[in-house]
Amino acid sequence: MILEMVRANGAVSLRELARVVQTSEVTVRRDVRALEAEGLLDRRHGGAVLPGGFTRESGFPQKSHLATAEKTAIADLAAGLVEEGEAIVVGAGTTTQELARRLARVPGLTVVTNSLLVAQALAHANRVEVVMTGGTLRGSNYALVGSGAEQSLQGLRVSKAFLSGSGLTAERGLSTSNMLSASVDRALVQAAAEVVVLADHTKLGTDTMFQTVPTDVITRLVTDDPPAHDDRAATELQALADQGVQIAVAGATGSPGGDHAPAARQRASLPGPRRGQLSGGGLRSAATLADQPAPGGERGRVADLRRR
């Protein structure tokens with residue numbers, strides 16, 4: 001069962017394996033070690049991946065059933081970073097889809113996205129304007145990619161970009177397994193004053209083929225609290241914090257977004273994002289926003305969270 005799940009999904013967390021197999025993480029970890037010894041899979045930061053170093057990309061049906069509780073907690077915390085009246089970009093992914101469902105309650109918001117799933121989650125939000133990029137539909141993740149998507153983002157300026165990916169390391173930053181998706185994500189980053197990465201703990205320390213956001217460009221990481229035994233994920237969080245990334249941990253001890261610092265020392269917060277000036281309702285092309293003024297103003301409602 002464990003090997004079949006890894007083959008189907010490319011990467012699976014120990015927590016998810018234990019839930020599906022209906023046993024303890026200790027038992028799953030022992031079985032994963034045995035399968036690794038046979039060369040059938042690789043252990044990787046609180047989970048298991050296909051052997052061969054770089055993980056392959058899973059399709060949406062598989063991703064939507066992985067780490068669902070963690071994605072929900074991350075989306076809850078990330079939604080607190082968005083303020084009324086802002087203009088933001090939201091990339092494709094199951095975690096960003098969860099975020100979009102919560103953004104439907106933020107009045108005066110403008111969301112630029114290349115994700116059909118993000119747009120669908122916001123389609124009936126009365127006071128949120130959804131702006132779709134152009135591009136070619138990539139069916140595996142319901143995202144618009146290609147030159148059309150990238151060109152429609154030229155000249156755009158918003159306060160924040162919310163992105164997910166297949167892996168995150170302190171050395172390379174955020175990465176994904178598909179070249180076209182990576183190229184569009186880089187264009188989304190270029191449009192934003194601040195970059196927020198949403199990644200659950202199973203992606204920490206995982207490296208995939210195409211870099212999307214270098215570590216020095218990431219402003220904040222919103223993640224979940226790694227299991228106590230996952231020292232490698234904790235080490236990766238420390239390394240990211242050492243490079244100046246602000247860490248927000250969902251579900252940490254104390255409160256849903258409480259003080260739970262991955263860094264041993266205090267770090268100064270980066271300047272808050274600029275508040276958006278675009279609002280309204282409906283669905284438009286990103287190209288029509290290119291000449292709009294950049295959002296202005298300052299805010300910062302979510303504190304920089306550090307591991308004690």
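Hi everyone, let's start with the largest nonpolar core, which has 34 residues; Leu168, Val197, Leu221, Leu240 and Ile247 are the ones that touch the most other members. Two or more residues come from each of β4 (87-90), β9 (158-163), α9 (179-190), β12 (192-198), α10 (231-242) and β15 (246-250). Please keep in mind that this is a predicted model.

Take Val197 as an example. Setting aside neighbours within four places in sequence, Val197 is in contact with Leu163, Leu168, Leu174, Ile218, Arg220, Leu221 and Val222. Apart from the largest core lies another one, of 29 residues, including Ala75, Ala100, Val106 and Ala250.

Now to a sheet. Here three strands, in the order β10-β11-β13, make an open sheet with antiparallel pairing. The edges are β10 (167-169) and β13 (210-213); each has a single partner strand, so one side of each is left without a neighbour in the sheet. From one strand to the next, the twist averages 40 degrees. Between β10 and β11 (residues 173-176), which run antiparallel, there are three bridges, and Thr169 stands opposite Gly173 in β11. Helix α9 packs on this sheet: α9 touches β11 and β13, and its direction makes about 20 degrees with that of β13.

On to the charged side chains. How many salt bridges does the count come to? The count is six, and I'd like to walk you through some of them.

One is between Glu194 and Arg220, whose side chains meet at 1.9 Å, N to O. Glu194 sits in strand β12 and Arg220 in strand β14 (residues 220-224), so this pair ties together parts that are 26 residues apart in sequence. Are these two buried or exposed? Glu194 counts as buried, at 2% relative accessibility, and Arg220 counts as buried too, at 8%. You may remember Arg220 from the contacts of Val197.

Then there is Arg102 with Asp76, where the closest N and O atoms are 2.4 Å apart. This pair links distant parts of the chain, with Arg102 in helix α6 (residues 94-103) and Asp76 in helix α5 (residues 68-79), 26 residues apart. Arg102 is buried, with a relative accessible area of 14%, whereas Asp76 counts as partly exposed at 45%.

Within α6 itself, Glu98 forms a salt bridge with Arg101, with the closest N and O atoms 2.4 Å apart. The two are separated by about one helical turn, because they are three residues apart in helix α6. Glu98 counts as buried at 17% relative accessibility, while Arg101 is partly exposed at 41%.

Thanks for listening, and I'm happy to discuss!

Note on methods: Residues numbered from 1 in each chain as written. Predicted model: local features only at pLDDT ≥ 70, side-chain atom pairs only at ≥ 80, totals over all residues. Heavy atoms only, no water. Core = buried A, V, L, I, M, F, W, Y, C linked by side-chain atoms within 4.5 Å. Buried < 20%, exposed > 50% of the residue type's maximum accessible area, 1.4 Å probe, protein only. Helix = DSSP H or I, 4+ residues; strand = E, 2+ residues; numbered from the N terminus. Contact = heavy atoms within 4.5 Å. Pairing = 2+ DSSP bridges. Axes fitted to C-alpha atoms, helices over the stretch in contact; angles between N-to-C directions. Salt bridge = Lys/Arg side-chain N within 4 Å of Asp/Glu carboxyl O.
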